[in-house]
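Biologist: I am new to this structure and would like to understand one part of it well before I look at the rest. Please choose a single part, take me through it closely, and show me how it sits among its surroundings.

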Amino acid sequence: MASPPAKPDLRKRPRQSRSQATVDAVLEATARILERDGIGAVNTNAVAKLAGVSVGSLYQYFPDKEAIFAELIRRERGRLRRDVASAVGKAEAQSFEMTIAGLLEAAIAHQLDRPALARALEYVEALLPLDDETQSLNEAIVADVRHAMRIHGRPDDPVTAQDVVAMTKGMVDAAGLAGETDKRNLISRVEKAVFGYLKAG
């Protein structure tokens, strides 16, 4: 039986601020190339040039462009995770509706703040063996929704939380693929769908 493909990863983790700055520059350069020219334009020479680092410095941390893509996906997912957690952290001082709206806005901002990047990374993500990380992220966000529901005295129903996350992701991803850029309009539509579902439940 063939072994599963190796997960793309850094050769080593940066331990100093200068090393972290190199990794950050490589990731941001890759993001800009994806936004401007698409996936086919990404190669280590182009990334190193735009990042202002040598190809040798790039290879100290990234064995290939797949590893760069994977780390860029992790960076963007980390931002989404922090924004969702921040929205939940405000739950006790807000109404349930405001809390859910904050969660939805975090998800939509993740897609529409840099829409070309989000679209490119969705395509790249499907080509990389990151399924376990994708599942972990989804489970963490579902857990955040459940926590918000408990704070507001709502039933701790995992199915409802999963449905809210799936509904939001489906609408947001579809909007991204369609090239939508109107964040307020998308927030309004997703809120109608989610609040309609929650009221019907």
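Modeller: What follows is a close look at helix 6 and the parts around it, after a short view of the whole chain.

This is a predicted model, in which local features need pLDDT of at least 70 and side-chain atom pairs count only at pLDDT 80 or more, while totals for chains, interfaces and linings use all residues. Residues are numbered from 1 along each chain as its sequence is written, and side-chain values use heavy atoms, with hydrogens and water left out.

The protein chain has nine helices and zero strands, where helices are DSSP runs of H or I with at least four residues, strands are runs of E with at least two, and both are numbered from the N terminus. Of its 201 residues, 42% count as buried, a term for a relative accessible area under 20%, with exposed for over 50% and partly exposed in between (1.4 Å probe, protein chains only). The C-alpha atoms fill a box of roughly 55 × 40 × 35 Å, taken along the principal axes.

Helix 6 runs over residues 115-127, and its 13 residues reach 19 Å from the first C-alpha to the last, close to the 18 Å expected at 1.5 Å a residue, the expected span being 1.5 Å times one less than the number of residues. Pro115, Leu117, Ala118, Ala120, Leu121 and Val124 of this helix are buried, and the buried residues pack against helix 1, helix 4 and helix 5 (96-112).

Turning to helix 5, its axis and that of helix 6 come within 6 Å and cross at roughly 90°, which means that the two are roughly perpendicular. Axes here are lines fitted to C-alpha atoms, for helices over the stretch in contact, with angles from 0 to 180 degrees between N-to-C directions; under 35 degrees counts as roughly parallel, over 145 as roughly antiparallel, 65 to 115 as roughly perpendicular, and the rest as oblique. On the helix 5 side the contact (heavy atoms within 4.5 Å) is made by His110, Gln111 and Leu112, and on the helix 6 side by Pro115, Ala118, Arg119 and Glu122. Within helix 5, Gln111 counts as buried because its relative accessibility is 3%. Not counting residues up to four places away in sequence, Gln111 touches Ala118, Arg119 and Glu122, and also Val172, Asp173 and Gly176.

Helix 4 (residues 65-89) holds Glu76, which is buried because its relative accessible area is 10%. Leaving aside neighbours within four places in sequence, Glu76 is in contact with His110, Leu117 and Leu121. The side chain of Glu76 also makes a polar contact with that of Arg75 at 2.9 Å, meaning a pair of N or O atoms within 3.5 Å, where within protein one must be able to donate a hydrogen and the other to accept it, and residues adjacent in sequence count only if both atoms are side-chain atoms.

Helix 4 also meets helix 1 (residues 17-37), and their axes come within 10 Å and cross at roughly 95°, so helix 1 is roughly perpendicular to helix 4. Among the residues that meet there are Leu27, Ala31 and Leu34 in helix 1 and Phe69, Leu72 and Arg75 in helix 4.
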